[in-house]
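Got the viewer open? Here are a few exercises to work through at your own pace, each with its solution.

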Amino acid sequence: MWPSNRITIHFFMIVAGTTVDLGSGMAVGQKTSRAETFVLAGSNGHETRHSGLNDIVRNHTSDQQRLGMARVSSDMRNKCAAYVLALRPWSFSASLTPVALGSALAYKLEGSVDLVILMVCAIAVLVVHGAGNLVNTYYDFSKGIDHKKSDDRTLVDEILAPQDVVMFGALLYSLGCLCATLLYFLSTLRMEHLALIYFGGLSSSFLYTGGIGLKYVALGDVVILITFGPLAVMFAHAVQVGYLSVLPLVYAVPLALNTEAILHSNNTRDMDSDKQAGIVTLAILIGPTLSYILFNLLLFFPYVLFCILATHYTISMALPLLTLPMAFPLERQFRSQCYSKIPQKTAKLNLLMGLFYVFGIILAPQGSLPLL
Ligand SMILES: CC(C)=CCC/C(C)=C/CC/C(C)=C/CC/C(C)=C/COP(=O)(O)OP(=O)(O)O
Ligand SMILES: Cc1cc(O)c2ccccc2c1O
C-alpha cells in the first residue's frame with residue numbers, strides 16, 4: 001500500500017512537468033488527465049498502481065522528448081527549405097545548360113568527356129550562380145528595392161535573417177573555390193586560365209548587385225549575356241579539353257540570348273518598382289514598347305540561328321525548334337503585360353532549348369558542325 005501523500009507528490013511532479021509544457025501542444029494536455037485519473041485511483045490505495053505511475057512518468061518524459069525532437073526536426077526541415085528557396089532554384093537552368101553545352105562541344109572535338117570534371121564544373125558554376133542570387137537578395141533588400149509584392153521575399157517576409165543569407169552566400173563561394181581547386185588538379189587547363197575564368201564568373205556574380213551594383217546602372221543585361229553565355233560555356237569546355245578556344249563563345253550565342261530573355265522579362269515586370277527605388281535597368285531606359293520588341297528578338301532570334309545551322313550544316317540542329325510552341329504563349333503574355341510568371345516560364349523554355357541544342361550537337365555526324 002502506498003500512502004496517498006506520496007501519490008500526491010508524484011501527481012505534482014507530473015503536473016509541474018506538464019505546466020512547463022502546456023503551451024506546446026495537445027498531447028501534453030492529455031497526460032494531465034491521465035495523471036489525474038491515476039490520483040483518483042491511487043487514493044483507493046492499490047500498490048500495483050505505483051508501477052503504473054512510474055510508467056506514466058516515463059512515458060510522459062519520452063513523449064516530451066519525442067515531441068521536442070519532432071519540433072526540432074520540423075524546424076530544421078523548414079529552415080533547409082527556406083535556404084533552398086532563397087537560392088531561387090527555378091533559375092538554375094540558366095547555369096546548367098551552358099555547362100552541358102561546353103561539355104558537349106568538348107565531346108565533339110575530343111571524342112570523350114570526363115564525367116568527374118563535368119560534375120565538379122557543374123557544381124562550381126551552380127554554387128557561384130546560387131551565391132550571386134543570394135548577394136542579389138541581400139543588396140536588393142538592404143537598398144529597399146525588394147518589397148512585399150516582389151518575386152524574392154526571403155528577407156522581406158523574414159523567412160531568413162540577413163546574416164543567414166550572408167553566411168550561406170559565403171559558404172557557397174567557398175564551395176565554389178574548393179571546386180575550382182579540384183578542377184585545377186583534375187584538368188590540364190593552365191592555372192592562370194582557370195583562375196581568370198573562374199574568378200571572372202565569381203566577381204561578376206558578386207558585382208551584379210554587390211559593390212558597384214552593375215544591375216542598378218543598366219549593366220545587368222551585359223553581365224548576364226556574358227556570364228551565362230560565353231564565360232560559362234568556355235569554362236566547361238576549357239576544363240575538359242585543357243585549353244582556351246573561341247569556338248564555345250560562338251556556340252554560346254543562341255543560349256545566351258535566351259537566358260537574357262529571362263532577365264529582360266524580369267526587369268520589364270519590375271520596371272515600376274525599380275523606377276520608384278531609383279535604379280536604372282535597360283527595360284526602364286527603352287520603355288515598354290521597345291522592351292516588347294527586344295523580348296521578341298531575344299526569344300525568336302535563337303530559332304533563326306538554329307534554322308540556319310540546320311539547313312546549312314546538319315539537320316540535328318533543328319532539334320531546339322521543337323520548343324517553338326512554348327515560345328509563342330510567352331510572346332502573347334508579354335504583349336498582354338501579364339508578366340508575373342514569364343521569367344519562370346522562360347527559364348523552363350531555356351532548359352528544354354538548351355538540352356535539345358546539346359543533343360543536336362552530340363547527334364551531329366562527325367565533321368558536319370561548323371568549326372570556324
Ligand atoms: C564561369 C563560372 C565559374 C561561373 C559563372 C557562374 C555564373 C553564371 C554567374 C553569374 C551569377 C549572377 C550574375 C547572378 C545574378 C543572378 C540574377 C540575374 C539575379 C536576378 O536579379 P534581379 O534582376 O534582381 O531579379 P529579381 O527581381 O528576381 O531579384
Ligand atoms: C534569380 C534570377 C532571376 C533572373 O531573372 C535570371 C535571369 C537570367 C539568369 C539568372 C537569373 C536568376 O538567377
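The exercises below deal with a predicted model, taking the ligands, a helix and a single arginine in turn.

**Exercise 1. Work out which residues surround ligand 2, and which side chains offer it polar atoms.**

Step 1: list the shell. Around ligand 2 you'll find Arg88, Trp90, Ser91, Ala94, His129, Asn133, Ile224, Phe228, Thr259, Ile262, Leu263 and Asn266.

Step 2: sort these residues by type. The shell splits into 6 nonpolar, 5 polar and 1 charged.

Step 3: look at the oxygen atoms of the ligand. His129 has a polar side-chain atom 2.7 Å from an oxygen of ligand 2. For Asn266, a polar side-chain atom also sits 2.7 Å from an oxygen atom of ligand 2. With Asn133, the distance from a side-chain N or O atom to a ligand 2 oxygen is 2.8 Å.

Step 4: ask how much of the ligand is covered. On its own, ligand 2 has 320 Å² of accessible area, and the protein covers 94% of it.

Step 5: trace the shell back to the fold. Helix 5 (115-142), helix 8 (220-241) and helix 10 (253-269) each give two or more residues to the shell around ligand 2. Helix 10 provides the largest share, with 4 residues.

**Exercise 2. Now do the same for ligand 1: how many residues surround it, and which are the closest?**

Step 1: count. Ligand 1 is surrounded by 21 residues, and the closest are Arg88, Asn136, Tyr208, Lys215 and Asp270.

Step 2: sort them. This shell holds 9 nonpolar, 7 polar and 5 charged residues.

Step 3: check the oxygen atoms again. A polar side-chain atom of Arg88 is 2.8 Å from an oxygen of ligand 1. Asn266 brings a side-chain N or O atom to 3.1 Å from a ligand 1 oxygen, and for Asp140 that distance is 3.2 Å.

Step 4: get the burial. Taken alone, ligand 1 exposes 740 Å², of which the protein buries 96%.

Step 5: find the contributing elements. Helix 5, helix 7 (191-207), helix 8 and helix 10 each give two or more residues to the shell around ligand 1.

**Exercise 3. Check the length of helix 5 against what you'd expect, then inspect its ends.**

Step 1: do the length check. Helix 5 has 28 residues, which at 1.5 Å a residue should span 40 Å; the end C-alpha atoms are 40 Å apart, so the two agree.

Step 2: look at the N-terminal end. Asp114 caps helix 5 there, with a side-chain oxygen 2.9 Å from the backbone nitrogen of Val116.

Step 3: move to the other end. Just after helix 5, Gly144 has a positive phi of about 75°.

Step 4: bring in the record. In an unreviewed entry, UniProt places a "transmembrane region" at several spans, including residues 115-135 and 349-369. Residues 115-135 are 100% helix and 0% strand, with end C-alpha atoms 30 Å apart. Residues 349-369 are 71% helix and 0% strand, with end C-alpha atoms 24 Å apart.

**Exercise 4. Decide whether Arg66 is buried or exposed, and find its side-chain partner.**

Step 1: place Arg66. This residue lies in helix 3 (residues 49-86).

Step 2: apply the cut-off. Exposed means over 50% relative accessible area, so Arg66, at 52%, counts as exposed.

Step 3: find the partner. The Arg66 side chain makes a polar contact of 3.1 Å with the side chain of Asp63.

Note on methods
Residues are numbered from 1 along each chain as its sequence is written. Chains are lettered from A and ligands numbered from 1 in the order in which they are written. This is a predicted model: local features need pLDDT of at least 70, side-chain atom pairs count only at pLDDT 80 or more; totals for chains, interfaces and linings use all residues. Side-chain values use heavy atoms; hydrogens and water are left out. Buried means under 20% relative accessible area, exposed over 50%, partly exposed in between (1.4 Å probe, protein chains only). A polar contact is a pair of N or O atoms within 3.5 Å; within protein, one must be able to donate a hydrogen and the other to accept it, and residues adjacent in sequence count only if both atoms are side-chain atoms. A residue is near a molecule or strand if one of its heavy atoms lies within 4 Å of it. Accessible areas come from the Shrake-Rupley method with a 1.4 Å probe; for residues, only the protein chains shown count as cover. Ala, Val, Leu, Ile, Met, Phe, Trp, Tyr, Cys and Pro count as nonpolar, Asp, Glu, Lys and Arg as charged, and the others, Gly among them, as polar. The expected span of a helix is 1.5 Å times one less than its number of residues. UniProt positions are given in the numbering used here, feature names are shortened, and annotations may be inferred rather than shown by experiment.
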